[in-house]
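Reader: I am new to this structure and would like to go through it slowly, one question at a time. Could we begin once it is shown?

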Amino acid sequence: MNVTLEVSLVDLIKVLGGTISDQTINAKFEKTIARALDMQRNSQDDYVTLFGKAWDEVAPGEQLTQIFHNLDNKDLIPRTATNDEVLAIISKEAADAVDRTEQVLRKRIDNLGVVQPKVQKLGADRILVELPGVKDPERVEKILIGTAKLEFWETYENEEVYGKLVEINELLKKEAKLAEAESDTDVDTTNEVAVNEPDANDADIDADTTDENSLAALLAGDSTGADTTLAGDVQGEANPLFDLMSPAYYNDQNGQSFLSKGSGVGYVAKKDTAAVMKLLKREDIRAFLPNTKLLWEAKPLETESGDIFRLHAIKVTNRDGTANIEGDVVTDARSVAGMDGKPEISLSMDTEGSRKWKLLTGENIGKSVAIVLDNLVYSAPTVQSEIAGGQTSISGKFTVEETEDLANILKAGKLPAPSKIIEKSEVGPTLGEENINAGLMSFGIALVLILIYMIFYYAKAGSVADLALVVNMLFIVGVLASLGATLTLPGIAGIVLTIGMSVDANVIIFERIREELREGKGMRLAIKDGYNNAKYAIFDANVTTLFTAGVLMLLGSGPVKGFAVTLFYGILTSLFTAWLLTRLIFEWQLNRKKEISFSTKLTQNWFTKVNFNFVGKRKFFYTLSALIVAMGFVSLAIRGLDYGVDFSGGRSYQVKFESPVNVNDVSKNLGDVFVENGTRQPPEVKTKGSDNVLLITTKYLINSPDINVGEQVESKLDEGLGKLGVKYEQLGVQMVGPTIADDIKTSAVWAMLFSLLIIFLYIVFRFKRWQFGLGALIAMFHDVIVVLAVFSIFYGIIPFSLEVDQAFIAAILTVIGYSINDTVVVFDRIREYIGKYKKQGRKEVINRALNSTLSRTVNTSLSTFVVLLMIFLFGSEAIKGFTFALMVGVAVGTYSSLCIATPVVVDLGKDDNIDAIGKASKPKKKEALAS
């Protein structure tokens, strides 16, 4: 499970603002908060900065101190503080809140018993949480986002509130009649509202305080029957409130109805909770219930007709609207067995808490006291006597696991501000096992093929390269283990890709040694000169690839960052083993007069007599590339790309059915239940791999602020899929909120631009000629456009997903790194030959240089391509598109380094510049010695 949490700085700012008595200022404050939220959707600035900009729009020239210099913050924020100073203080408080949130999350996660969890801050207000081996994602979500704000409240008795509810119902009836008289159309006073879990509620209904008879009318679908018995003769009339909520009452033996004791004032079916709260939150209706908070019970009463929630009336007695006692007085929380043997949570309070608890219980004997956690009533027992000693308990219909979780949350402490999941990726156990097996299989097959090929092509030297490759694998695993890195699926792909790329350094060295041997040098001198002549090409090629891996590490997150970390350290360990380890082995063999060979009889003269006219054919290559790029731009303009939820925002569910199902039927059934604001929202449904595995992507309720919205969407998903009558299993889910989707798009663009720029500058620096830098830049841009064109043209046509997501961006950046790797090796040889063959014509020299690198280019590209092909054929379905992008990139990168980058350098240069290029690019003596 991979989750990105966003700390709600909105709530933090509201807390700092406190209660604002001036309605004009309060209206501006609320408008500023809303405006800043709107700005956040399309901005990379943090929320506090946006709040400052929004305030300047809403209230230009006015001071923020009129909001934030209050009774609670008078020492923190002076009255004379400027707006910039106020925002700086808020920013510091926000940073502290994020730091404290990170610490609290670490404590909570430690209690989960997850192996190798990872908690990491991302930017100003986000925290990344990676949890391998999670068994119950829903439980973990609640633990992560629970604020753990514990409160103890006085309550109103049911009989104190019932009369007010009757008045509210009468007001709503009059409104309905008036509206009906003024309109020729019928008015539905119970407007359809999206089915929500009760807002900020989930608690218990104790068996001894629930009268099943009091729910009889509601469960039978006739809440008006309950209402009319108590409220008078309103038979046959519409009751806008009591049609949705049954009063809390019970029937005696004679069938006469009486109001129930306690703080529960009504029962509401789950589907009507949102509608009830919409009515009761109206400003004119709130006037009927001054100094009152209405909170839902945490746990519903489960019935055959559906879940029923009880509504409690909380009495607000403090002027600042805070609870009588808050959770900061709790010193310990434990899961224990109650007197009835059922699990409950035992709480211990400090001295101040004990004093307040004794006073609160002493003043409310015979009345209910509500124990509230995160605005959900978990228990509302009737006080029998004054309680001293600071001991109490939270009881109800808990499981042992629930009491343990709640106790751990309370002990870890409350979050400074609420947190919301804005990005989530879950992989179920079935898919997880499949991914691991597929990853290991592709890894094993690729490794064996490379080992065999190196021996086939380079004979005994190939076995030395194989040994270095195996040691390199051990180094990579060792580095990842020492870093405590979580091995993700793209991480495994990074290791497998490193196999292919680590061969490159050995291939460059071996090819140079073979050239030295063909010139008649002895084995010892050939090895020495081969390593010496190869060092610049190896250094330049790997540094440029390191740049792209570094950009991914800097700007990527989650699985993409895992891939980047693996690739980054894989390149470093590859350099070490290919350069140092193989050299030591050869020196050992030479000193012991061992036979060393760098080719077999079959491969000895491969690519030695090739003389292809790359420069002369450059117009043909330009035309071919121009046609492909033009087709790509046309397709991008007409078809676009198949954006995943990473870029579009939404939820994506991977579902495996027992047998194949019709994609259109799935979309229709889910469209019937995914209804928001009266509008159907049919999801995008497509197969993923086999016919019975579907990827269902929807934006249904993606903008909902409700913390339980994930459960609501999954409930609707189950409802829609259940109509198909085919058994299914949810393999995984990914969720990306609209704000982070915008951030991902922006960071992806910057990552690519930054990579291209830094590589361009490095090439110019190393080769001392802007022509080389521009040629490399054009080749890289060409490669990116071709990969994008292939994904645009073929998505929906070929039988696997070509979604553009974060992994695709990682693939594009890897393609950039690979392309420049190839190009740099070619440029290095051109630089060498221009300095070496000064009397020959420019085109002839460059063609000769290109043909001399063909053996290295083919071997490296072929080995990397074969590795990727193994991942593509035997790896997980989840990274098929990612691997396909790399395969296309390797093929195109090889082509562009020979047929695009170099010809561009030729056309940008002049004949009389050949000597200058050779002299400028030739390494200085001191530099060569230092290297």
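Reader: Which helix lies across β14 and β17?

Author: This is a predicted model, in which local features need pLDDT of at least 70 and side-chain atom pairs count only at pLDDT 80 or more, while totals for chains, interfaces and linings use all residues. Residues are numbered from 1 along each chain as its sequence is written, and side-chain values use heavy atoms, with hydrogens and water left out. Helices (H or I, at least four residues) and strands (E, at least two) are DSSP runs numbered from the N terminus. The helix that lies across β14 and β17, running at about 110 degrees to β14 (angles run from 0 to 180 degrees between N-to-C directions), covers residues 351-363 and is α12.

Reader: In what order do the strands of the open sheet stand?

Author: The sheet has 3 strands with antiparallel pairing, where two strands pair if DSSP finds at least two bridges between them. β13 (330-337) and β17 (391-394) each have a single partner strand, so one side of each is left without a neighbour in the sheet. The order is therefore β13-β14-β17.

Reader: Which residue of β17 is the bridge partner of S346?

Author: Strand β14 (residues 343-349) runs antiparallel to β17, and 4 bridges join the two. One bridge pairs S348 with Q391 of β17, and the partner of S346 in β17 is S393.

Reader: Which side chains of β17 are buried?

Author: Buried means under 20% relative accessible area, exposed means over 50%, and partly exposed lies in between, with a 1.4 Å probe and protein chains only. Side chains alternate along β17, and Q391 and S393, which point to one face, are not buried. Those that point to the other face and are buried are T392 and I394.

Reader: What is the relative accessible area of S354?

Author: S354 has its place in helix α12. Not counting residues up to four places away in sequence, S354 touches M349, G389 and G390, where contact means heavy atoms within 4.5 Å. S354 is buried, and its relative accessible area is 15%.

Reader: At what angle do α24 and α26 pack?

Author: Helix α24 (residues 806-836) and helix α26 (residues 854-874) have their axes 11 Å apart. In their contact, Y818, N821, D822 and V825 of α24 meet R856, T857, T860, S861 and T864 of α26. The packing angle of α24 and α26 is about 165 degrees.
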